[in-house]
Amino acid sequence: MEVNRGSLQCIRVCRRAPEVSHLLFTDDSILFARADERDAQAIRRVLECYSQASGQQINLSKSEVVMSSNLQQSRKEELAALLEVKLVEAHDKYLGMPTGVGRPKTRALEFLKERVWKILKGWKQQLLSFAGREILLKAVVQAIPTYIMSLFRLPLGLCHDIQRMMARFWWGGKEEERKIAWVAWAS
């Protein structure tokens, strides 16, 4: 509605990309606009219209705004105050995906390795048969990066690290001691 009126400016992520004003997923929303009063007021109108139509209240204390690093800090604070939301430097994740992935991706996707490690550490490999370990590795650990891989190509080093953790779990033993590797690692 506000976009059609011209009071809310859409953005493009690159030259030939379609214009985007919002992304919605169940109860999560991201709104895109220019960092000016007109667009901020248009966002307020959109949120008020949504509240009236749905009967739901927007929780502004849980809402955040990120603005371009090219904007002066005082200007960012003015616009955040107009929107009545918290100003943050960046969002870490949206729907479990990192929002600020640049080059190198390894740092942004490091959480995958941590998540795999946390799961493997919680399992007691001494109490599981090889069949049990295989099921847990295939059904749980290998499923962890699947969602992220729908958008990003995982760095090879990260894949190797996850594979190493899985191999350590597979062969069992304690973390400090070396295990027998029955298959030679490819160089």
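Hi everyone. By contact I mean heavy atoms within 4.5 Å of each other, and helices (H or I, at least four residues) and strands (E, at least two) are DSSP runs numbered from the N terminus. This is a predicted model, where local features need pLDDT of at least 70, side-chain atom pairs count only at pLDDT 80 or more, and totals for chains, interfaces and linings use all residues. Residues are numbered from 1 along each chain as its sequence is written, and side-chain values use heavy atoms, with hydrogens and water left out.

So, the overall picture. The protein has seven helices and six strands, in the order α-β-β-α-β-α-β-β-β-α-α-α-α from the N terminus. It has 187 residues, and 24% of them are buried, meaning under 20% relative accessible area with a 1.4 Å probe, protein chains only. Of the contacts between residues at least 6 apart in sequence, 54% link residues at least 24 apart.

Now to one helix pair. How do helix 4 and helix 5 cross? Helix 4 spans residues 110-122 and helix 5 residues 130-141; their axes come within 12 Å and cross at roughly 150 degrees. The axes are lines fitted to C-alpha atoms over the stretch in contact, with angles from 0 to 180 degrees between N-to-C directions. The pair is therefore roughly antiparallel, the word for angles over 145 degrees.

Which residues meet there? From helix 4 come Val 116, Ile 119 and Leu 120, and from helix 5 Leu 137, Val 140 and Val 141. By class, that contact has six nonpolar residues, no polar and no charged ones. Thanks, all!

Notes
Buried < 20%, exposed > 50% of the residue type's maximum accessible area, 1.4 Å probe, protein only. Parallel < 35°, antiparallel > 145°, perpendicular 65-115°, else oblique. Nonpolar A, V, L, I, M, F, W, Y, C, P; charged D, E, K, R; others polar.
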